[in-house]
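Please open the model and keep it beside this note. The points below go through rings, charges, a helix and a strand.

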Amino acid sequence: MADSALVNAWYRGAAWLWLLRPLELLYRVLASLRRTAFRRGVFSVYRCPRPVVVVGNITAGGTGKTPVVITLVSALQQAGLRPGVISRGYGGRAPEYPVVVEEGSDPRECGDEPLLIHTATGCPVVVDPDRTRAVRTLLARFDIDLVISDDGLQHYALARDYERVLVDGERGLGNGWCLPAGPLREPAARLESVDAVIYRGGEQQGASFRYEPVGLRRLVDGEQRTLDPTLIGSEVYAVAGIGQPEQFFAMLESAGFRLHRRSFPDHHRFVAADFKDMTGLPVIMTEKDAVKCAHLAGPGAWSLGIRVDLPPAIIAQVCRLAGHAGVPPG
């Protein structure tokens, strides 16, 4: 994950980034050559016998893919389909791959996001940097109707039937340059070839979504409470180890909480010492962080649940890929 100072420079258009333009131009050329090589058969491409849907982005850093994947998987399950998920498992380091995620899997091995997806949906999830091998394992172990790839837009060794790209509606594409002078993994023109672009926090009708907080869950026992400061205390420690913590903090402040902010790097490997100075007040963290902290943060720790309203047309398109026309109500 890119250093936060560099990320800030990308999105505010820092003048010194011009010094990196020669590297940026080289990156563009290599990215184009690589994609062309896969398209022309120079490198082998695996075609899965089930439809493959990629949920990815063209920018480095978090755009909120995991809640979208969870929402999509849940909608497909409600429509009677059996999706399976593959992931790189960023932040995890397993002794060997592939890793089939199960209840109680170690997030230090499988990664926090795959564990959260499995925990939230019960969906089969396989983690492997080699996404082709992940798909083969998924097909061998589970009876599924389609594959959802959490990220992997640039993993051209795996053929795909549908590409959905997430873009931050507020930050956009930054300065519009590729790495390392900007946040783009591929040139912005890549968006013209995908099946759907959806904007987090954007105003594009039928192509945008927002996160809506739905309540709190206590880590130690799973107790659910509404997002009401009077129920747990209005002054809290707010803990976030995600790509854009400010959005998480803003949700809590909008609900009326007074925050002591604690930001950590994205995919941070929490240890008990991270919470040693968080005493006397409740702790609220993201769901992604909570899967790593159930036995670390103490009895006063809660996670903030969020809901994503995906455009119904996108869910319908994915259902049709698997030969299912139904879209769940609501």
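**Notes on the predicted model**

1. Start with a charge and a ring. The charged end of Arg171 is placed over the ring of Tyr11, 4.0 Å from the ring's centre. Keep in mind that this is a predicted model.

2. Now the aromatic pairs. Searching the whole structure gives 7 of them. One of them joins Trp18 and Trp177: the ring centres are 4.9 Å apart and the planes stand at 80°, so this pair is edge-to-face. The cut-off for that label is an angle over 60 degrees.

3. Where do Trp18 and Trp177 sit in the chain? Trp18 is in the loop between α1 (4-12) and α2 (21-39). Trp177 is in the loop between β6 (162-168) and β7 (196-200). The two are 159 residues apart, so the pair links distant parts of the chain.

4. Is Trp18 buried or exposed? Trp18 counts as exposed, at 56% relative accessibility. Trp177 is buried, with a relative accessible area of 14%. Trp177 also has a charged neighbour: Arg21 lies over the face of its ring, 4.4 Å from the ring centre.

5. Next, Phe248 and Phe249. Their ring centres are 5.7 Å apart and their planes meet at 50°, so the pair is tilted. Phe248 is buried, at 6% relative accessibility. Phe249 is buried too, at 0%. Elsewhere, Phe38, Phe43 and Tyr156 make up one aromatic cluster.

6. Turn to helix α5, residues 112-121. Of its 10 residues, 8 are buried, so the rest of the structure largely encloses the helix. Among the buried ones are Leu115, Leu116, Ile117 and His118. Charged names appear as well, including Asp112 and Glu113.

7. What do the buried residues of α5 pack against? Their partners include the helices α3 (65-78), α4 (107-110) and α9 (287-290). Strands β2 (83-87), β4 (125-127) and β5 (146-150) are also on the list. Just after the helix, Gly122 takes a positive phi of about 75°.

8. Finish with strand β14, residues 301-308. Here 6 of the 8 residues are buried, so this strand too is largely enclosed by the rest of the structure.

9. Which strands pair with β14? Strand β9 (residues 211-218) does so in the antiparallel sense, over 7 bridges. In that pairing, look for Arg218 opposite Trp302 of β14. Strand β13 (residues 283-286) pairs with β14 in the parallel sense, over 4 bridges. There, Thr286 stands opposite Leu304 of β14.

Conventions. Residues numbered from 1 in each chain as written. Predicted model: local features only at pLDDT ≥ 70, side-chain atom pairs only at ≥ 80, totals over all residues. Heavy atoms only, no water. Phe/Tyr/Trp six-rings, centres within 6.5 Å; stacked < 30°, edge-to-face > 60°. Buried < 20%, exposed > 50% of the residue type's maximum accessible area, 1.4 Å probe, protein only. Lys NZ or Arg CZ within 6 Å of the ring centre and 35° of its normal. Contact = heavy atoms within 4.5 Å. Pairing = 2+ DSSP bridges.
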